[in-house]
Amino acid sequence: MRLLACAAALALTALAAGGIASAPAAPGCPPTIDDGAGPFGRGAPPRRSKIGTGHVLNGIVLSSVDCTPLAGARVHLWQANRRGQYLRSGSATVVTDRAGRFRFEGPPPVSYEGRPPHIHLRVIAAEHELLLSRYVRRAGATRGFVRLVLVPQRV
């Protein structure tokens with residue numbers, strides 16, 4: 001009975017706030033925090049998984065509701081050149097496989113303007129909110145892994 005009262009209170013709070021909140025995240029599957037930054041006003045990068053050599057980024061895209069892999073998600077990647085410029089040649093779009101995984105290869109990300117070496121990521125998946133995130137390379141690493149957890153769109 002107490003549980004029902006709590007659920008009803010949460011539902012009323014969501015309605016008072018102007019809508020129904022999306023489903024809660026599955027245990028162990030908190031959504032990736034959106035950092036809202038990046039060079040994304042330039043359209044979708046070309047579909048390719050390699051723009052150079054020296055660093056491999058593997059990743060997985062999951063849904064926060066049940067931690068299931070999101071197949072067919074488009075991951076846009078942008079990395080700066082040695083002068084800190086974002087050019088189309090430093091960008092790519094990869095699509096996740098049935099297991100929600102992707103692989104991207106390029107030159108090692110560089111540091112510029114005091115920022116750590118990084119790659120910007122924009123993730124687009126059906127029925128999920130857009131995610132803007134960033135992978136930061138550990139010093140000297142030639143490989144990296146990123147876990148991207150998306151929130152379902154509100155209805």
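**View 1. Cys67, a partly exposed cysteine.** Cys67 is partly exposed, with a relative accessible area of 24%. Keep in mind that this is a predicted model. Cys67 has a bonding partner, Cys29, and the two form a disulfide. Buried or exposed: which is Cys29? Cys29 turns out to be buried, at a relative accessible area of 0%.

**View 2. The link between Cys29 and Cys67.** A disulfide is a covalent bond joining the sulfur atoms of two cysteines. Here the sulfur atoms of Cys29 and Cys67 sit 2.1 Å apart. The link is right-handed, with 95° about the S-S bond. Which parts of the chain does the pair bring together? They are distant ones, 38 residues apart: Cys29 lies in the loop between α1 (2-16) and β1 (55-63), while Cys67 lies in the loop between β1 and β2 (74-78). If you're hunting for others, the structure holds one disulfide.

**View 3. Inside the largest nonpolar core.** This core has 19 residues, and Val61, Leu121 and Leu148 touch the most other members. Which elements give two or more residues to it? They are β1, β2, β3 (91-95), β4 (101-106), β5 (118-124), β6 (131-136) and β7 (143-150).

**View 4. Leu148 and the residues it touches.** Leaving aside residues up to four places away in sequence, Leu148 touches Ile60, Val61 and Leu62, along with Phe102, Leu121, Val123 and Leu131. Thr32 and Ser133 are on the list of Leu148 contacts too.

**View 5. Another core, apart from the largest one.** This one is made of six residues. Among them are Phe40, Ala80, Tyr112 and Leu132.

Notes:
Residues are numbered from 1 along each chain as its sequence is written. This is a predicted model: local features need pLDDT of at least 70, side-chain atom pairs count only at pLDDT 80 or more; totals for chains, interfaces and linings use all residues. Side-chain values use heavy atoms; hydrogens and water are left out. A disulfide is a pair of cysteine sulfur atoms within 2.5 Å. Helices (H or I, at least four residues) and strands (E, at least two) are DSSP runs, numbered from the N terminus. Buried means under 20% relative accessible area, exposed over 50%, partly exposed in between (1.4 Å probe, protein chains only). A nonpolar core is a set of buried Ala, Val, Leu, Ile, Met, Phe, Trp, Tyr and Cys residues joined through side-chain atoms within 4.5 Å. Contact means heavy atoms within 4.5 Å.
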